[in-house]
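Reader: I'd like to practise reading a model from the overall fold down to single side chains. Can you walk me through one?

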Amino acid sequence: MLRAILYFVIGVALLYIPWVPLWTNNYFVLHYAWVSVIVQNDYFRGAISGVGLADIWLAYEELMRLLHSAEK
């Protein structure tokens with residue numbers, strides 16, 4: 001159960017964080033131009049959000065597995 005909660009929380013964070021100002025206003029982005037180019041790319045942000053969606057789906061699958069094994 002803890003694993004499913006962890007997957008869900010990480011998934012929500014990865015889904016949300018690339019689209020908030022914190023993503024572009026931090027030390028690494030402001031001091032390294034090559035990092036700025038990468039993290040400000042919308043395709044990169046979308047890829048990170050996609051990993052977040054995959055984590056949320058993994059949490060759902062883990063929860064379904066736990067509920068199914070509890071029925072037996």
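Author: Sure. Helices here are DSSP runs of H or I with at least four residues, and strands are E runs of at least two, numbered from the N terminus. Keep in mind that this is a predicted model.

Reader: With that in hand, how many helices and strands does the protein have?

Author: There are four helices and zero strands. Read from the N terminus on, the elements go α-α-α-α.

Reader: And how do I judge the overall shape? What is the radius of gyration of the protein, set against a compact globule of 72 residues?

Author: The yardstick is 2.2 Å times the number of residues to the power 0.38, taken over C-alpha atoms. For 72 residues, a compact globule would come out near 11 Å, but the protein has 16 Å. Look at the principal axes too: the C-alpha trace spans about 55 × 20 × 15 Å along them.

Reader: Okay, next the surface and the inside. What share of the 72 residues is buried?

Author: Buried means under 20% relative accessible area. In the protein, 24% of the 72 residues are buried. The accessible surface comes to about 5500 Å², and carbon and sulfur atoms hold 73% of that.

Reader: What share of the contacts with a separation of 6 or more comes from residues 24 or more positions apart?

Author: A contact is heavy atoms within 4.5 Å. Of the contacts with a separation of 6 or more, 67% join residues 24 or more positions apart.

Reader: Let's zoom in on a residue. Where is Phe 8 found, and which residues is Phe 8 in contact with, beyond its neighbours within four places in sequence?

Author: Phe 8 sits in helix α1, residues 2-16. Beyond those sequence neighbours, Phe 8 touches Ile 56 and Ala 59. Trp 57 is 49 residues away from Phe 8 in sequence, yet their C-alpha atoms are 8.1 Å apart in space.

Reader: Why does Phe 8 count as partly exposed?

Author: Partly exposed covers the range between the 20% and 50% cut-offs. Phe 8 has a relative accessible area of 43%, so partly exposed is the label.

Reader: Last one, the aromatics. How many aromatic pairs turn up in the whole structure?

Author: A search finds five. Take Tyr 27 and Phe 28: their ring centres are 5.4 Å apart and their planes stand at 80°, so this pair is edge-to-face. The cut-off for that label is over 60 degrees. Ring pairs also link Tyr 27, Phe 28 and Tyr 32 into a cluster.

Reader: Within that cluster, is Phe 28 buried or exposed?

Author: Exposed, because its relative accessibility is 52%.

Methods:
Residues numbered from 1 in each chain as written. Predicted model: local features only at pLDDT ≥ 70, side-chain atom pairs only at ≥ 80, totals over all residues. Heavy atoms only, no water. Buried < 20%, exposed > 50% of the residue type's maximum accessible area, 1.4 Å probe, protein only. Areas by Shrake-Rupley, 256 points an atom, 1.4 Å probe, with all protein chains shown as cover. Phe/Tyr/Trp six-rings, centres within 6.5 Å; stacked < 30°, edge-to-face > 60°.
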